[in-house]
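Visitor: I've only just opened this one, so please walk me through it bit by bit.

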Amino acid sequence: MKQVVQNYKSGELAVLDVPVPGCKPGGVLVRSVFSLISTGTELMKVSEAGMSMLGKARSRPDQVAKVMQSVATNGLPATYRKVMGKLDSYTPLGYSLCGVVEQVGAGIDDVKVGDLVACAGNEHALHAELNWVPRNLYTPVPDGLAPRHAAFGTVGSIALQGVRQGEPQLGEVALVVGLGLIGQLVVQLLAAAGVRVVGADPDPVRCELAERLGAAAAGDPGSAAVEAAVAELTGGHGVDQVYLAAGGGSNQPVELAARLSRDRGRVVDIGKCRLDLPWNAYYEKELDVRFSRSYGPGRYDPEYELEGRDYPIGYVRWTERRNLACFLDLVARGRVDVEPLISHVADFDDAVETYRRLEDGELKAVAVLFRYPDAPGDGTAQAPAVAVPAVRRGGPAPAPVRASGTPVRLAFVGAGNYATSMLLPHLEQRDGVVLSTVVTTTALSAANAQRKFGFAHATTDLDAVLGDPSVDAVFVVTRHSSHAELTRRALLAGKTVFVEKPLALTEDELAGVLAAVEESGNDRLQVGFNRRFAPLLREARSRFGARTGPASLRYLVNAGRLQHGSWYLRQDSEGSRFVGEGGHFVDTASWLLDADPVSVYAVAPAGNEDLQVVLRYPDGSTATLSYVTCGASGFPKETLDLVADGKVLKLDDFVRASVHFESTAGRRRWVSSRLPKARDKGQAAELAAFVKAVRTGGPMPVPLESLVATTAATLAVQAGLVGGAPVTLARPR
């Protein structure tokens with residue numbers, strides 16, 4: 001089997017072929033499905049291994065003391081040989097994973113072969129294809145919890161034990177210093193316990209993530225923002241608890257804890273940071289300093305960890321194993337969300353390169369997972385996949401044959417409210433455009449559209465329009481249930497097609513549209529995703545500029561409640577409301593991030609239409625879409641924030657936009673006009689681009705592959721809600 005190892009003397013990292021561990025009594029043999037890289041603890045070990053011998057000594061004075069004692073006892077030559085032998089050996093990495101039980105040892109009766117388990121321990125939950133794990137360091141994974149999420153069990157237990165040491169109570173206020181992986185989990189656990197949380201971290205992306213995950217406020221510990229937030233939430237008394245989840249050599253965390261704690265507050269050290277306590281500050285407030293020992297009671301006790309001797313629950317309520325099970329239960333019930341923390345998923349075979357990218361800072365991540373090849377139970381049943389159909393063109397589409405200078409002749413199928421208010425007003429006066437024919441199901445609605453917008457013809461006969469060689473393009477602006485079939489027929493008829501969103505309501509409908517593309521060779525298709533054409537958003541994106549690292553995007557859609565009787569409520573025939581409208585927001589996020597999503601995770605509270613959708617992208621970027629119906633009607637419908645590389649783009653309902661960034665001249669920002677003539681969501685620019693493509697025969701405004709990816713991602717939301725797990729967007733190989 002393969003295992004990730006490191007030589008502490010040379011710093012070499014490798015994936016070695018090593019023997020399969022035996023399945024000893026009192027434990028189980030587990031085949032890994034996902035293992036989690038601790039971007040704090042593990043990277044610290046990797047970094048130390050790359051130091052000189054003097055650097056290693058300075059970083060581990062505790063080990064130097066042991067060496068000096070050995071010299072005094074055993075002499076210098078023997079100690080040197082012992083130390084060099086230990087340094088020049090391969091050591092394992094990893095301590096948190098999820099896998100499938102492959103073999104059960106004697107004395108084990110709580111799991112069976114094929115069960116999914118979460119495993120802990122820096123000697124038993126390693127980055128390896130197979131691990132032997134003793135009884136008290138594994139726990140069964142709750143039904144419905146995705147393996148990638150269960151892999152967080154150990155780090156979740158560390159965060160949970162730290163919170164238990166703080167003894168939080170409902171209504172208290174806590175400060176979390178350090179918003180890396182452990183800090184982000186502590187924030188969520190405290191929020192789930194009814195505690196209001198302030199986060200402190202110099203990284204604005206991590207601060208924004210903490211606020212999304214439950215913090216009342218978060219900011220740079222060196223700024224006045226954190227102190228102001230604490231003062232506001234506590235009435236000036238200071239926080240009840242401080243959780244130190246930071247690392248490094250700075251003494252700022254403990255000094256900040258003293259300054260912002262209330263009298264007789266509690267300070268809990270979870271991470272490995274400098275602890276030069278300012279005596280006067282801690283004495284005057286009589287602060288209670290506590291340490292959190294890893295995963296909980298049982299840690300470092302060989303009788304508990306290796307021999308399986310549990311502590312009686314009446315005396316020790318929360319042990320390592322019970323903490324592990326508790327954290328997984330919180331994730332399974334949606335009280336803790338680990339999906340937004342996943343910055344990158346790497347194939348296990350790419351482990352060495354992944355560590356290199358993390359250490360060099362090329363890969364900026366909160367949490368990174370290794371995905372193991374060919375592992376049974378790798379999550380396909382619990383984390384379903386939605387196929388992104390391949391776009392196959394049966395041959396080159398016939399280029400439109402149009403005499404130079406002749407107008408573009410358009411036909412409309414449907415003339416409802418959106419067509420008559422948002423599309424036709426931009427087309428009726430456009431030079432070089434002729435509104436040829438309008439087709440509706442009732443004669444009167446066709447006649448009304450003809451009279452109002454000057455169509456040359458009005459009819460209820462779709463076939464007559466599709467068979468008319470003078471019609472260059474067809475607009476499909478009907479109810480959602482008919483979009484895919486009408487688009488399919490128009491493509492087969494050789495027309496350029498503009499279809500309002502959604503393109504399709506099901507995977508089968510989407511496949512039918514693409515089958516028409518393949519059969520006819522006609523890929524001249526545009527879906528009405530207009531927001532990417534909005535002038536204000538395009539200017540803001542240009543001002544934001546290129547980025548080098550992963551981005552975090554937050555999109556709030558204050559959709560509001562529908563009026564009784566709206567056809568949007570007819571889900572059986574017209575699809576869900578999000579399927580009908582959500583493509584707008586997926587497309588906007590993908591355009592801003594310049595990629596198509598690779599997975600979708602969706603959750604919805606019971607009994608309402610509100611959705612939280614997390615999209616993951618190939619470079620580790622994430623987009624969180626909050627689609628809510630219970631908000632205030634006076635609040636703007638759409639607000640958006642994009643954060644990356646020390647820059648922030650903010651859009652307020654297509655009325656205002658701003659970009660904040662650093663430059664050699666200091667902090668700068670661009671702010672759009674605050675009094676635009678009208679809210680412009682891009683319909684006019686989108687239609688201009690479409691008409692130009694029809695007139696010139698040039699490329700369509702949006703590649704068909706992008707339209708298909710957006711539609712597949714929108715459809716995957718429903719699959720994710722049903723399955724309760726992230727949905728992989730599987731692309732053809």
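Visitor: Which way does the β-α-β unit of S13, H11 and S14 turn?
Guide: S13, helix H11 (residues 279-285) and S14 make a right-handed one. Right-handed here means that, with the strands pointing away from you, the path from the first strand over the helix to the second runs clockwise. The labels are DSSP runs, counted from the N terminus: helices are H or I with at least four residues, strands are E with at least two.

Visitor: Anything I should know about the model itself?
Guide: This is a predicted model, with residues numbered from 1 along each chain as its sequence is written. Local features need pLDDT of at least 70 and side-chain atom pairs 80 or more, while totals for chains, interfaces and linings use all residues; side-chain values use heavy atoms, without hydrogens or water.

Visitor: Back to S13 and S14. How many bridges join them?
Guide: There are 4, and S14 (residues 288-291) runs parallel to S13. Strands pair if DSSP finds at least two bridges between them. If you want to see how the two line up, look for Val267 opposite Val289 in S14, and for Asp269 opposite Phe291 in S14.

Visitor: What else does Asp269 stand opposite?
Guide: That would be Leu244, which faces Asp269 of S13. Strand S12 (residues 239-244) is tied to S13 (residues 261-269) by 5 bridges, and those two are parallel. To get from S12 to S13 the chain goes through helix H10 (residues 252-260), in another crossover that is right-handed.

Visitor: What's the strand order in that sheet?
Guide: S11-S10-S9-S12-S13-S14, an open sheet of 6 strands with parallel pairing. Strand S11 (217-219) and S14 each have a single partner strand, so one side of each lacks a neighbour in the sheet. Ignoring direction, neighbouring strands are turned by 20° against each other on average.

Visitor: Which strands does H7 lie across?
Guide: H7 lies across strand S9 (173-177), strand S10 (196-200) and S12, and runs at about 170° to S9. Angles like this go from 0 to 180 degrees between N-to-C directions, with axes fitted as lines to C-alpha atoms, for helices over the stretch in contact.

Visitor: OK, what about helix H6? At what angle does it pack against H7?
Guide: About 55°, with the axes of H6 (residues 153-166) and H7 (residues 181-192) 9 Å apart. That makes H6 oblique to H7. For the angle words: under 35 degrees is roughly parallel, over 145 roughly antiparallel, 65 to 115 roughly perpendicular, and the rest oblique. The H6 side of the contact includes Val155, Ile158 and Val163, and the H7 side includes Leu181, Leu185 and Leu189. Contact means heavy atoms within 4.5 Å.

Visitor: And how far apart are the axes of H6 and H13?
Guide: They are 8 Å apart, and H6 meets H13 (residues 320-332) at about 100°. So H6 is roughly perpendicular to H13. Among the residues touching there are Thr154, Gln161 and Arg164 of H6, plus Asn323, Cys326 and Phe327 of H13.

Visitor: Switching topic: what's the order in the sheet that holds S20 and S23?
Guide: That open sheet also pairs in parallel, with 6 strands in the order S20-S19-S18-S21-S22-S23. Strand S20 (457-459) and strand S23 (525-527) are the edge strands, each pairing on one side only. Its twist averages 20° from one strand to the next.

Visitor: How many bridges link S18 and S21?
Guide: S18 (residues 408-413) and S21 (residues 473-476) pair over 4 bridges, in the parallel sense. Ala411 stands opposite Val474 in S21.

Visitor: Which helix packs on S19 and S20?
Guide: Helix H16 (residues 443-453) touches strand S19 (433-439) and S20, and its direction makes about 165° with that of S20. There's also helix H24 (residues 683-696), lying across S18, S19, S21, strand S22 (496-499) and S23, at about 165° to S22.

Visitor: Last topic, backbone oddities. Is the bond from Lys501 to Pro502 cis or trans?
Guide: That peptide bond is cis, with omega near -5°. Look for Pro502 in the loop between S22 and helix H19 (507-520).

Visitor: And Ser294, is its phi positive or negative?
Guide: Positive, near 55°, in a residue other than glycine. Ser294 is in the loop between S14 and helix H12 (302-305).
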